[in-house]
Structures are given as structure tokens and as C-alpha cells.
Amino acid sequence: MSFALRNQVGSLRQSNLNDASILDASDVFERRHLGSSEKEVERMLEVLGLSSLDELSDCTVPVEIQTRNGLAIDEPMGESEALDALALIASKNKVYRSCIGMGYTGTVTPPVILRNVLENPGWYTQYTPYQAEIAQGRLEALLNFQTMIADLTGLPLAGASLLDEATAAAEAMAMCLSLSNHKKKGFFASDECHPQTLALLQTRAKGLGIELTVGPISEISFDSGEGGLCGVLVQYPTSDGRIEDNSELVASSHEHTRVAVAAAELLSLTLLKPPGEWGADICVGSAQRFGVPMGLGGPHAAFIATHESFARKLPGRIIGVSKDVHGNRALRMAIQTREQHIRRDKATSNICTAQALLAIISSFYGIYHGPEGLKEIADRTQSYTAALAVGLTRLGHHVLGGGPFFDTIRIRLGKGRVHAARQVSDAAKERQINLREYDDGTLGVTLDETADRRLVADLLAAFNFGHYTGFDVDELLEEAGSSGRLNLGDFKRTSNYLTHEVFHRYRSETEMLRYIFRLMNRDLSLAQSMIPLGSCTMKLNSTSEMIPVTWPAFANIHPFAPDTQWRGYTQMFRQLEEWLCEVTGFSAVSLQPNAGAQGEYAGLLVIAAYQEHLAKTAGVPNRRKVCLIPTSAHGTNPASAVMAGMKVVPIKCDDNGEIDMQDLRDKAEKHSDDLSALMITYPSTHGVFEPTVREVCEIVHQHGGQVYMDGANMNAQVGLTTPAECGADVCHLNLHKTFCIPHGGGGPGMGPIGVAPQLEPFLPGHTVQRPDTAGEFAIGPVSAAPYGSPSILTISYLYISMMGAEGLRKATQVAILNANYMAHRLSSHYDILYTDANGRVAHEFIVDCRKFEKSAGVKIDDIAKRLMDYGFHAPTMAWPVPGTLMIEPTESESKEELDRFCDAMISIREEISAIENGSCDQNDTPLKNAPHTMQVIGADQWSHSYSREQAAWPLPWLRESKFWPFVGRIDNTYGDRNLVCSCTPMSDFE
């Protein structure tokens, strides 16, 4: 049955509802989310020779995979109604004062940062800064973050953020393995690390073939594992708050040529000797308490820092200083040749999305407070902790450890009461305080920036079994000082930090506000124009969707708080899981993976666990380790497969960009006994619905494999087909693409996975708090928190609830329409590389620019930089085919904006033609000199053969609104050869 026939009844019902619903809400979201009006949609369909969106769907999506029924999702809510409904859900959460610690603490986000960064689309709708000339603002903010991390850790090179502290530790472990050239397969982790970190290390170690040992530092053996240890991990301070001297361990590690890794508490490093000064080679941790709410676990920016000599082994993004064509200082992402897009299965990591927006917030937090302000917060936190410790001692309890502490103490209760720990914990909960409860009956308390006298008094009352003590907190502090509890001794930091001018200049709100907006205005975001990146789905991140992210009822809950305190979150999780099951056709969903690449990794781990279980049940060794991956796949696919312990076998693509069926059959047959999985993207990375997708899946199933579908292109599936209909067994969903979580300049993201029934028992678990979706044979955690980054799931929840079933399907259809309309307009000027048998594309398409290098000396880089002069971000460059541009308009752009971009591309084609016909000097063209900055256009001298008008205002509408690139074309090679990855004065740079 066709889409047109199938949806007649639904369309009539919707029409009748619309005719009879004058009293219904007027703030209908669908018409705000979709960029084009009904008349504009009709005009685009007319251009394509089509009568309806359903006709377009019928001739684009293969009939055998079309969904037989509409989505079972409720009727859409209006924007205000949806917000009210979510507020009611949020009211079921209970925000207690958290003293649990374990790497998550309360924090105060300065309002100037909250309103103007976290809640500002000029910041959160930016893309990863691959086009550096129009990303100088966030690049500077991320460079500030790197500088802050490098200074505080005492190590010279820091990355631009990782996903969370536990995965950062896992990345450090993988880095140690790589530094040993994979010859040392052992890794030792202190049992004093956070439990979620240890659990995630165990998950990661298995796939990497690392023998992980967890135990007391006193029992370390450097010979453990094949070839011995490659590295050692310690927590600083320990998870229960003790400050230990690790210098002897580090010295021994270096004597045995092992790498020393420290997981450090960032704020403590304003007071404590930094890991770099006591010999650590790598330092990881979380910047959460630098202004980013807990959010039941995320998102937060993790950090990693190391020696400069390890730069090419460092996972994730690194921001570096270079120069532009005019000799001006310019920033860019450095040494990108490490990345999975280039090295694929040999990449340093599978990281694609990191936590850029959160790192930016933390950097502004550090700038706003400066070194003195940060130290004041740290001193205040330590003082409250010391005062509490004195009060607890007065009550007859024992503060364990004996040595100095920063913000965390562990308490053994005095004798005399049965079940004393439970009584204290209950008394604390009566005062809306959560404590950390250890299995041995001891209790933990962590204080933070939000602590005050009342909290300490309430804690002492709880430890006095519900009776207020009458202790004066100021007197307790005075006693703590006189007794030496605040004395850090040899652990005290004596070195300076955050000495760069940027950390001393913006202390007033006025200056901070202007600095935030000065950087923001250097960057192109969706607030300026469409960002037509293929496979990236830069759609609307609506204001209504973003509002609840910072509601205290969602933002201020610890990930390991009792689940009775976050019933609202639970309700939202269950509903979102149900909706995502409906969208994918699968039976279960795990929300734990906190990035797209983490979803890939989790999905493959689930498949690996399934194959291992089958082999174990059959009583035979598990040989199924091969993962088939098309050569057109996203670079994270092979990198994730390697991390999951699989062997990558590439599958060829034919001249039409589709999977080479014969090569697939041959490889599946060859590896029939050891085939574990196939990874595919659908529609394909070439922008076409491949008609053979079911046959592809059947071939893999016939040979014992499971099919993993990369959800990067789900924006072309929702409501029209599902991964299950296509034959897949598992799929990850990029909620930061299809379901409206913003990209944030390179993160956050979420990558939940949906699975078929046979894989459901293997969905990820968690050591500290088991998710409801964890299966009977659950794999270990893939994220630090049980539900990944829960606070941003509110965005996808609201998107689905405001769109409803018909709205979601229409969004998919309009996304496909927009791509086909643009491809049609551009086809008279450029070659469209791949189309289906009907001449259609899916939601994206590829423009072939390879011939221009021969005919005019023009490369895709030239076109990308020239688009900046027209006020546009370039499409995806050189992937999946070198020398091409892949364009994805999404459903949120209007016909006017689509035409504006097409006009820019056509104008650029005319500039190429001018070179081809000899009317323009090939060496002095707007294309070669792009982008043109305001400084260049406004300079007294103009030596080019073309006019300033052509350079800066090549089309009339640019006179109305012009976005100016902040720097000229950047010299990438210079930046890599002269690697500078922290703030430096121009005098030093010159």
C-alpha cells in the first residue's frame, strides 16, 4: 500500500480536527518547526512535478520497507501546553541538597553565563568548528578551557573536552596502551577511584584486550598482564576524600617505563600540588563543578591533559594557534589527522561529539572568577568541610584518613547505636540532604560551592540522630584552624596558575557580558543562516525545547540520588523510550550512551555480548569477531568496532555509491564462521535509499551476523520506515540530530540505542545504580551516569510531544522535499553525484566538484571559504567522496533560505566559469582569496583584479545582512608544525 492511500484516513481525520478545533491551542508547534509554509511546499512539489508529499515519499522510499501503520504517538501538544505538562512531570522530582560527591557536586552558574551562553542560541546552535574562519569565538573559548586545564593540572597540553570523567579515564587507559605500541596489555587502577570509573574501565578494557587489575596501590605489580602494565590510575584526592602522596608510585611507574594517570578533582587543584608537579603523565577529570549543573549525570565537560610529546596520541579535539593568510593570529582544530574521519580503524579514539558547550561554560566560569575567585571558592569549601569534621568529632564520630582533606570526608559512627548509619541517613533525608552510604556502614559527605552554615548545622543534626547540636559553625571553623585541619602541608600548591590576561580582565558583569558577545559574534550559527552539513542534521533547536534544561527540578539532581527522588525523570525516561521504540520498530531502548559514537560502541558491545552468549550456550569458543563495514561509512564506525574488540573488514561500494552486493556476499561467505556484525547507514552516506537494504540484512543474518544501523540519517526515516523494517537488529539515534538536541559547537549529544528482542537482555547496566532497561546479561556501563546526560533528554521529549505522529512524519517528508528541491535547482550548474532509479535523493545529496580542480584550479576548500563571504557555512566536505560537497538542508529551513543558498552556489559556479573561460585570473579570484574580512575590504589598498563589491557583496541580499568572517584563510600546516594549544600573548606568538 502506498503512503498516499495509507494516509488518506489520517489526513481526513486531521482535517476534521482542524476544522472543528477553533477553541484548541493556537501555538501549534509543527508550523513553527517546519521552515516552509504550505504554499511554499506546494511550489517546491510543483517544481519537482509532484502533487503531494506522499507521492514524493512513494517514489523515494522503497515500498517494501515503508511502514504499514502510522506512529503510535499521541496527538501533538501546543508549546505552552507541552511546557506545562513537563513542568508537572518535573514537580515529581525532589531536589535535595547533595553531599554524595563521587565527582558530582552542586555549583552556581553565574547568571551572566547561564542566560548568555547556556540559554543563548548564538552559542548552542553552532557546529563543530571545522570551518575555523567562522568559528573563532568558540575556538577562543575552548582555547581558554585548555589553558585553564593545563594550568590547574600542571601539564602543558590539554584537550578541548571529553564526555565524562569515567570515559576520560578509559580514554587515558587506551592512550597508555597506544603509547606502549600495544605491547603492554596490563593496566592497574587504584580501588580508591570512583566506582563508576572502575566499572567503565572494565567495560572498555575487555574490547581493547587489556587485562585490568583493580586493587590497593600497595599490591601493584608492574608485571601484571601480557607484557606488563602500560599504565597506572590513581584518584586525587581519593573517592572518599583522602589526599595521598603518589610521588613514590609515580617514580616506580617511570622506572618501569609505565605511564602514570591521575583522575583529579579540578577545584582542589587551586589548593593542592597539581598532578603534573608530582610526576603524573596524564590527568583526567570533570569540569562539572565549574558552573555546570549536575543534571542527574550530565552533560558535563570532562578534561584530559598530558605532555606535549604525547600530542598525537591524545584523544578528542585539540584547539591550536596558527595564523591566517594575512599573518594574523588565528585558531583552529589542530592535528586533525589523528581523527577517525581520516585514520578510521587506526584512529586514536572514536570520539566525534565531545562536550564543547559545557567546556565553554566552564571556561567562562574560570574567567569570571579568575584564580583568586576560584581559590576563594575552594578555601570556603574546605573550611566548611573542616568545620563539619570538628563538629562530627565532638559528637563522638571518627573522621577517617587522619591526613588533610579538601571537600570530602568519610565518617565511622561512634558506638552505641544499632543501625546507626541508617538512622543518620534517614535523619539527613528528613532535612532533604543526601549522603554517600558505603557498604561497610560508614558515611561520606562532600561539600561544595553551595554549602552554607545552615547545611553544616543540618548535617550535624543528622549525625546527632535528628537533634540540633547548637554548635556555632564559626567556632567550629576557628577550632579547625587552630588544630591544623586546614593545613595541607606538603600537598599545598605553591605554583601560580591562570596567569594569562584573559583570567584577570573580565570581573565585572558588564565586561563579561561584552566578552561573551564579542566571541559569539565571531561565529556563524543557526541564528545567522542555515548550516547545510550533510549527515549532521542542523535543524531548529526551538526555544520551547530548550527552556526546561535549566529548570532546577531537572538541573540540580545528583546521578546517584535515590530513585525515589527523581520520579519525574523516570516518567520522562519511560515515555521517551516508548516513543523511540515506536520510531525504530525495536522492542527496547537504552538511554545511557551520551554521544553518537558512544551509541555505536554500545550497540556493537551488545552484539558482541550476544554472540558470546550464543557460543557459551552452545559450549563452543566464540569466534565471531569480524565486523563488515562499507568503505563509505562514517569514520567513527570502524573506530568503534575496533574499540569493541572486533576486526574490521571493508565492503566495497559500486559506481552508484551503493553496497557492492557481490562483495558483500563474498565477504559474508568467507567469514561465515566468524562474522559478528555488519554496520550500515540508512539512507546511505551517499544520500540515497538503497533498495537492497533488506537483502543486505538477510545476507548477514544467513551467516550468523547481526546488523547494526548507524542512526546518523534517521531524519529521513522517522514515520516513513524504521530500522526494524529494514532488517536491522540495533540502531543508535543521534538525538542531537534527528531529535533536536543542539550541537553546541561540538557537543553535547546523546546516542541511545534501540535493539531487537534477542539483544534486549544485553543492554547496558551500571555498577552504582542499575537502569531499568539493563538486561539479564547486561554489558557494563558505557557512560559515567546510568542515563548518560539526562537533563538534555527534555529537549527530545518536548520535540516529540509537540510534533506528534503526523508532525514527525511530515518533518521527514519536508526534509526529503527540501533536499530534492535544492538538488533540482543546482543540477543545472553542478553534477549531482548519486540519485536513485527515479532521479531522487533522500534528505541529503552530493554535489560533485572534482572536475573544477582541473578546469579552473578550484578545490572544494575554495568553495567552502567563498561560501563564508555569502554568509553560509560550507556543506560537508570531501566525505563520503573526496572532492565533493554533501548538502543536507533539514525541514526547518524555509524555501527562501534554500533559494538563498542555491543562489550562492550558482553565483560561485559562475565565478568558476569565469576562470574556465579565461575572463578571470586564476591566481587572483574571489574564490582563491576567500574569505574576505572586514579589515581587508576596508583597507586603504586594494590590489585585486575584482572589486570590493564582488568580494564582499556578490549578491544583493548581503547588503541587508552581512556576516563577516573574523580572520582570513587559515594556514593549517603552520599550526601543526608550530603547535601552541594554550593562550599566549601576541608578542610571544610573533
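This passage walks through the two sheets, the cysteines, the aromatic pairs and a few unusual backbone spots of the structure. The model is a predicted one.

A good place to start is the sheet of seven strands. The sheet is open, its pairing is mixed, and its strands come in the order β2-β8-β7-β6-β5-β3-β4. At the edges sit β2 (157-158) and β4 (211-215), each of which pairs on one side only. Further in, β6 (residues 259-264) and β7 (residues 282-286) run parallel and are joined by three bridges. Here Ala263 stands opposite Val284 of β7. Towards the other end of the strand order, β3 and β4 also run parallel, this time with five bridges between them. Phe187 has Leu212 in β4 as its bridge partner. Getting from one strand to the other involves a helix: β3, α11 (residues 195-208) and β4 together make a right-handed β-α-β unit. Another helix, α10 (residues 165-179), lies across β3 (186-190), β4, β5 (229-236), β6, β7 and β8 (302-306). The direction of α10 is at about 165° to β7.

The other sheet to look at has five strands. This sheet, too, is open with mixed pairing, and its order is β1-β13-β14-β12-β11. β1 (97-99) and β11 (398-399) each have a single partner strand, so one side of each has no neighbour in the sheet. The partner strands β1 and β13 (residues 433-437) pair in the parallel sense, over three bridges. Within that pairing, Cys99 stands opposite Leu435 in β13. Helix α15 (residues 420-430) packs on this sheet and touches β13 and β14, with its direction at about 155° to that of β13. Helix α14 (residues 356-394) lies across β11, β12 (408-412) and β14 (443-446), and runs at about 10° to β12.

What about the cysteines? A disulfide is a covalent bond between the sulfur atoms of two cysteines. With a cut-off of 2.5 Å between the sulfurs, the count of disulfides comes to zero. Take Cys283: the closest cysteine sulfur belongs to Cys193 and is 12 Å away, which is too far for a bond. Cys283 counts as buried because its relative accessibility is 0%. Cys726 is in no disulfide either, the nearest cysteine sulfur being that of Cys697, at 6.9 Å. Cys726 is likewise buried, with a relative accessible area of 0%.

Next come the aromatic rings. Searching the whole structure turns up 23 aromatic pairs. One of them joins Phe554 and Tyr569, whose ring centres are 5.1 Å apart and whose planes meet at 70°, so this pair is edge-to-face. The two residues are 15 residues apart and link distant parts of the chain, with Phe554 in helix α21 (residues 552-555) and Tyr569 in helix α22 (residues 567-584). Both Phe554 and Tyr569 are buried. Another pair, Tyr682 and Phe689, has its centres 5.6 Å apart and its planes at 70°, so it is edge-to-face as well. Tyr682 and Phe689 are both buried. Rings also join up in a group: ring pairs link Trp551, Phe554, Trp566, Tyr569, Phe573 and Tyr787 into a cluster.

Finally, some backbone details catch the eye. Most residues other than glycine have a negative phi, and most peptide bonds are trans. Ser161 has a positive phi, near 130°. This serine lies in the loop between β2 and α10, and counts as buried because its relative accessibility is 3%. Gln432 has a positive phi too, near 55°. Gln432 is in the loop between α15 and β13, and at 43% relative accessibility it counts as partly exposed. Leaving aside residues up to four places away in sequence, Gln432 touches Tyr96 and Arg97. Asp458 is 26 residues from Gln432 in sequence, with 9.4 Å between their C-alpha atoms.

Cis peptide bonds turn up as well. The bond from Tyr236 to Pro237 is cis, with omega near -15°, and Pro237 sits in the loop between β5 and α12 (247-255). The bond from Ala930 to Pro931 is also cis, with omega near 0°. Pro931 is in the loop between α32 (926-929) and α33 (934-937).

Technical notes: Residues numbered from 1 in each chain as written. Predicted model: local features only at pLDDT ≥ 70, side-chain atom pairs only at ≥ 80, totals over all residues. Heavy atoms only, no water. Pairing = 2+ DSSP bridges. Helix = DSSP H or I, 4+ residues; strand = E, 2+ residues; numbered from the N terminus. Contact = heavy atoms within 4.5 Å. Axes fitted to C-alpha atoms, helices over the stretch in contact; angles between N-to-C directions. Buried < 20%, exposed > 50% of the residue type's maximum accessible area, 1.4 Å probe, protein only. Right-handed = clockwise from strand over helix to strand, strands pointing away. Phe/Tyr/Trp six-rings, centres within 6.5 Å; stacked < 30°, edge-to-face > 60°.
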